[in-house]
Amino acid sequence: MHVRRPAVLLSLAAILLLGAAFLVVVARQVGSADATMPDTGVIEAAPASTASLPAVSSPAVGALFLEGAHYCTASVVHSDQGDVLLTAAHCIHDGEGGDYLTGITFAPGYHDGVAPFGYWTVSDELVAPGWSTSSDPDLDVGFATAHQTGATKSLESLVGANTLATGTGFEQAITLTGYPDDSEVPAVCQNTTSRQDTYQLKVDCAGFPTGTSGGPWVTGQDPKTRLGTVIGVIGGFEYGGDDPDTSYSSYFDTDVQALYRQTTARA
C-alpha cells in the first residue's frame with residue numbers, strides 16, 4: 001500500500017463527509033509585507049532567484065522533516081505575516097485519539113540533500129476539529145507557521161507563496177508537486193483533476209508514493225515564478241491514495257477557509 005503518511009501515523013482512520021462551497025482567493029503584492037488581503041482577485045507573488053533549483057521545482061514547495069528524514073510535503077501560502085504553511089492534516093496531527101506532531105522542520109525548495117533556503121521550525125499547527133476527533137478524510141488539510149532563528153526576512157519574501165482558493169470547480173488543470181520518501185528531488189506532474197466524491201478531488205499522476213502527502217495542487221502556475229493558486233493537497237481519501245499513480249485531496253471549502261483565517265489571525 002502506498003499510503004502517504006509517516007509510519008508514526010499508521011493508526012489513523014477515515015470517516016464522514018461534510019462541507020460547503022465558498023470561493024475566497026487570498027493574495028498579495030510582492031515585496032509588501034503590509035499588503036491587505038483583497039476579497040477577490042489574484043496578485044501574484046514572486047520568489048527569490050530559482051537558479052539553484054531543479055528546472056521544474058517551485059521554491060515555495062518543500063519537504064517536511066521529522067527525526068532527520070523527510071516524510072511529507074508542504075508549501076507556503078500567502079499571508080500578511082509571510083510565514084504560513086499548507087499541508088495535509090495527517091502530516092501534522094495523528095487524527096482521532098492523537099495529538100499534534102512536534103519537532104517538525106520545513107525545507108523549502110529542498111533537492112539533492114540541499115536546503116537552499118535553510119530549515120525552518122514548524123509551529124502553531126492547526127487542523128479542523130473533525131480531523132482531530134474523528135480523522136474525517138474530508139478535512140485532511142492543515143496549516144502551520146514557519147520560523148527560522150536569526151532570519152531577517154519572512155519565509156514568503158524569500159521563496160514566494162501560492163494564493164489560496166476555496167469553493168472552486170472540481171475540474172482544474174493543475175501542477176502537482178510532492179517529495180517521495182525514497183527521492184531527494186520532488187516529483188512534479190501536470191494533469192486535470194476530477195470529482196472523486198462529494199468533497200474529494202482526484203488526479204492521475206504517476207510517481208507519487210509515500211512522502212508526497214501535503215503536496216500542493218496548483219492552478220495557473222506561472223512558468224517564470226512557478227507560483228499559482230492552490231486548490232488542494234495530497235490527502236483525504238485513503239490518506240491521499242493507495243496507488244502512487246492516483247492522488248486525492250479533500251475539497252477546499254468553508255472549513256479550509258476558516259482554518260486559514262484562524263492561522264493568519266494568530267500567526
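The following exercises concern the aromatic residues of a predicted model.

**Exercise 1. Determine what confidence the predictor assigns to the chain and where the pLDDT is below 50.**

Solution. The chain has a mean pLDDT of 84. A value of 70 or more is reached by 79% of its residues. The pLDDT is below 50 over residues 1-52. Beyond near neighbours in sequence, that stretch nevertheless has 154 contacts in the model.

**Exercise 2. Classify the ring pair of Phe65 and Tyr110, and state which parts of the chain the pair ties together.**

Solution. The model holds seven aromatic pairs. For Phe65 and Tyr110, the ring centres are 5.1 Å apart. Planes over 60 degrees apart count as edge-to-face. The planes of Phe65 and Tyr110 stand at 75 degrees, so this pair is edge-to-face. Next, the two residues are placed in the chain. Phe65 belongs to strand E2 (residues 61-66), while Tyr110 lies in the loop between strand E5 (105-108) and strand E6 (120-127). The pair therefore ties together parts that are 45 residues apart in sequence.

**Exercise 3. Apply the same procedure to Phe65 and Tyr119, and decide whether each residue is buried, partly exposed or exposed.**

Solution. The ring centres of Phe65 and Tyr119 are 5.4 Å apart, and the angle between their planes is 80 degrees, so this pair is also edge-to-face. It links distant parts of the chain, with Phe65 in strand E2 and Tyr119 in the loop between E5 and E6, 54 residues apart. For accessibility, buried means under 20% and exposed over 50%. Phe65 has 8% relative accessibility and therefore counts as buried. Tyr119, at 40%, counts as partly exposed.

**Exercise 4. Describe the surroundings of Tyr110, beginning with its accessibility.**

Solution. Tyr110 has a relative accessibility of 5%, and so counts as buried. Leaving aside neighbours within four places in sequence, its contacts include Val61, Ala63, His70, Ala115 and Pro186. The side chain of Tyr110 also makes a polar contact with the side chain of Glu184, at 2.3 Å. Pro59 is 51 residues from Tyr110 in sequence, yet the C-alpha to C-alpha separation is 8.1 Å. Finally, Tyr110 forms one aromatic cluster with Phe65, Tyr119 and Tyr179.

**Exercise 5. Identify which charged residue sits over the ring of Phe170.**

Solution. The residue is Arg195. Its charged end is 4.2 Å from the centre of the Phe170 ring.

Note on methods:
Residues are numbered from 1 along each chain as its sequence is written. Side-chain values use heavy atoms; hydrogens and water are left out. pLDDT is the predictor's confidence in each residue, from 0 to 100. Contact means heavy atoms within 4.5 Å. Rings of Phe, Tyr and Trp (its six-membered ring) pair if their centres lie within 6.5 Å; planes under 30 degrees apart count as stacked, over 60 as edge-to-face and the rest as tilted. Helices (H or I, at least four residues) and strands (E, at least two) are DSSP runs, numbered from the N terminus. Buried means under 20% relative accessible area, exposed over 50%, partly exposed in between (1.4 Å probe, protein chains only). A charge sits over a ring if NZ of Lys or CZ of Arg is within 6 Å of the ring centre and within 35 degrees of the ring normal. A polar contact is a pair of N or O atoms within 3.5 Å; within protein, one must be able to donate a hydrogen and the other to accept it, and residues adjacent in sequence count only if both atoms are side-chain atoms.
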